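Here's a short set of exercises to work through with the model open next to you. Try each task yourself before you read its solution.

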Amino acid sequence: ASGGLLANAGSVAPPMHGATPVHLRPTPAPPSPDRVSEVQAASPAAWQWVVLTTPLAPNSIRGAVFRPAGDAAVARAVALVDKPYSNVGVPALRLFSAIAKQRGDAVSVGRFVLLAAERESDDDQLVREADDVLRSAEPSPSVERFNRRVPETRRAEAWRAFAESERAAGRYEKVIEALERVKTCCPPEKRDAIESEIREAYTLAGRAEDLEVRARREAERDGSPHAARADAWSEVAHLREERGDVIGANAALLEAASLDPAPLERWSSLERIASLAGAFDVRVRALGEIETRVKEDARPAVLRRLAHAQEESGDLVGMQQTWKRVLEHRPDDEEADRAIEALLAQASDFVRLADHLARRADRLARTGDQRDTLRVVRLRRAAILEQRLGQVAQACEELERLVAEWPNNESAVRYLADLYERSGRPARAVSLWQRLATLATTDTARGDLMVRAATAARASGDTETAAALAEQASTAPFARQAALTLVV
């Protein structure tokens, strides 16, 4: 095939004298335009060879003199390989590629190289050369055909083999270049593993610090898809975190999430790093994004983390609203209940605190499995109503509910009896003091409580009951004097 091309070109082979080839030396300078015909006539074969192989500057005299014949020869080669059922061999295609390369015809070089790699796809070097061509090739039928016949998996194998041979020779710079090409050719699910190998190669090459430069270059490439740039920023963050720069890692992950905000994983990574970096506002933002992306059953847990982050950032109003949202999803969430209670107490908002404790007591009463907590909540609400809001009657009602459920709770019974007396209802206190007397463990305490019962009875106008209770109390050693005074 190449012989036919050379014949059509006029004879581009070096001149032959008998059977001995004449080895031409490069002409040091082209002839001037007025001597072209003279030189061409003296040695036509040598002239054609120089025409085909001499590098040409676009605007030089040499280009003006030699280019037309050389371009014609390359055009004939292209026409030859484009013929239906053309059987031009790989050696001829390599020759054509070399000639086109000398003449600066990158398009023709690409066509010859791709075709050669198609015909000998087992040749790793040819496949790598073809892959180099594809990086700058415009879409065309020949490119599409090549992609079908030599798929990316085969090109990845060729680059992988080259990387292994260079690794064995200790040429890690070449290993890095080859693995970068493997990464572009391999399926997405294998790229993380390849990336690990690339990082290792950078380290072995003594260029570990260049990894961040490399990743950042990809992250800042304007023409790349946002998802790819976000992945590169994530890699920058990973490298920064590895060397302890959590503030820089936080900034990189924020860039990644801003470029490609859809994936939940980006915001989860940002939340973790922001927490380490003390970037509470960023953590709050990340958790807000996470909360909109998780399923319903996972939302309360995210909201709890958000509330804590808002507390760390000083946003107490937002924190309170978030805990309320937790209760909307999980009415029995004790942490949310206690948090809201503490916030209201800190703000001295006792009206809302009393209302919150009422709702909390109702919830606890319905579930029935946290009775000790319910007792504490009712007792606290009664104290707030009486001491902070001056609502003694409402405090008594709360204590009545408590005593009805825990009739032997001495603190609640004593508190209710005392409130009855102070609110002008001593008659109601009598039975409560008597109950406490029966619960007393010593005679002295029992006598004192009977005196309290007798005093309440007398204050209510029931002198007969007061006398009877005082008589009982007089038998106690330390209550005798008070009891006798009541009797008299």
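**Exercise 1. The second largest pocket**

Task: Work out which residue classes line the second largest pocket, what its volume is, and which helix gives the largest share of the lining.

Solution, step by step:

- Start with the classes: the lining of the second largest pocket splits into 13 nonpolar, five polar and six charged residues. Keep in mind that you're looking at a predicted model.
- Next, the volume, which comes to about 460 Å³ for this pocket.
- Now list the lining. There are 24 residues, and Ala106, Val109, Gly110, Arg111 and Val133 are the ones nearest the centre.
- Map those onto secondary structure: helices H5 (90–102), H6 (106–119), H7 (124–136) and H8 (141–149) each give two or more residues.
- Finally, H6 makes the largest contribution, with nine residues.

**Exercise 2. The largest pocket**

Task: Do the same for the largest pocket: find its volume, its lining by class, and the helices that supply at least two residues each.

Solution, step by step:

- The volume is about 1,000 Å³.
- Count the lining and you get 28 residues, with Lys183, Glu195, Arg214, Glu218 and Ala232 nearest the centre.
- Sort the lining by class: 16 charged, six polar and six nonpolar residues.
- The helices with at least two lining residues each are H10 (172–185), H11 (191–204), H12 (210–219) and H13 (226–242).
- H13 takes the largest share, seven residues.

**Exercise 3. A look at Phe96**

Task: Decide whether Phe96 is buried or exposed, and find how far its C-alpha atom is from that of Arg111.

Solution, step by step:

- Locate Phe96 first: it sits in helix H5.
- Its relative accessibility is 2%, so with the cut-off for buried at under 20%, Phe96 counts as buried.
- Phe96 and Arg111 are 15 residues apart along the chain, and their C-alpha atoms are 9.9 Å apart.
- Arg111 has already turned up, as one of the residues nearest the centre of the second largest pocket.

**Exercise 4. Two arginines**

Task: For Arg360 and Arg283, find the helix each belongs to, the accessibility and the side-chain polar contact.

Solution for Arg360:

- Arg360 belongs to helix H20, residues 350–367.
- With a relative accessible area of 4%, Arg360 is buried.
- Its side chain makes a 2.5 Å polar contact with the side chain of Glu334.
- Leaving out residues up to four places away in sequence, Arg360 touches Glu334, Asp337, Arg338, Glu341, Thr373 and Val377.

Solution for Arg283:

- Arg283 is part of helix H16, residues 280–293.
- Its relative accessibility is 10%, so Arg283 counts as buried.
- The side chains of Arg283 and Glu271 are joined by a polar contact of 3.4 Å.
- Leaving out residues up to four places away again, its contacts are Glu271, Ala274, Ser275, Arg305, Ala309 and Glu312.

**Exercise 5. An unusual phi, and a threonine**

Task: Where is Ser348, and what is its phi? Then find which side chain makes a polar contact with that of Thr465.

Solution, step by step:

- Ser348 is in the loop between helix H19 (334–346) and H20.
- Most residues other than glycine have a negative phi.
- Ser348 isn't a glycine, yet its phi is positive, about 55°.
- At 46% relative accessible area, Ser348 is partly exposed.
- On to Thr465, in helix H26 (residues 463–473), which is partly exposed at 28%.
- The side chain of Thr465 makes a polar contact of 2.5 Å with that of Asp462.
- Thr465 and Thr455 are ten residues apart along the chain, with 9.8 Å between their C-alpha atoms.

**Exercise 6. Confidence and the whole chain**

Task: Find the mean pLDDT of the chain, and say where pLDDT stays under 50.

Solution, step by step:

- The mean pLDDT is 81, and 80% of the residues reach 70 or more.
- Over residues 1–28 pLDDT stays under 50, and the model has 36 contacts there beyond four places in sequence.
- Residues 30–37 are also below 50, with nine contacts beyond near neighbours in sequence.
- Where pLDDT is low, don't read the predicted coordinates in detail.
- For the overall picture, the chain has 27 helices and two strands, and 41% of its 488 residues are buried.

Technical notes. Residues are numbered from 1 along each chain as its sequence is written. Side-chain values use heavy atoms; hydrogens and water are left out. On a 1 Å grid over the protein atoms alone, a cavity is a set of points where a 1.4 Å probe fits but cannot get out, and a pocket is an open set with protein on both sides within 12 Å along at least five of seven lines; lining residues have an atom within 4 Å of a point. Grid points are joined across faces, edges and corners, and a volume is the space filled by probe spheres set on the points. Helices (H or I, at least four residues) and strands (E, at least two) are DSSP runs, numbered from the N terminus. Ala, Val, Leu, Ile, Met, Phe, Trp, Tyr, Cys and Pro count as nonpolar, Asp, Glu, Lys and Arg as charged, and the others, Gly among them, as polar. pLDDT is the predictor's confidence in each residue, from 0 to 100. Contact means heavy atoms within 4.5 Å. Buried means under 20% relative accessible area, exposed over 50%, partly exposed in between (1.4 Å probe, protein chains only). A polar contact is a pair of N or O atoms within 3.5 Å; within protein, one must be able to donate a hydrogen and the other to accept it, and residues adjacent in sequence count only if both atoms are side-chain atoms.
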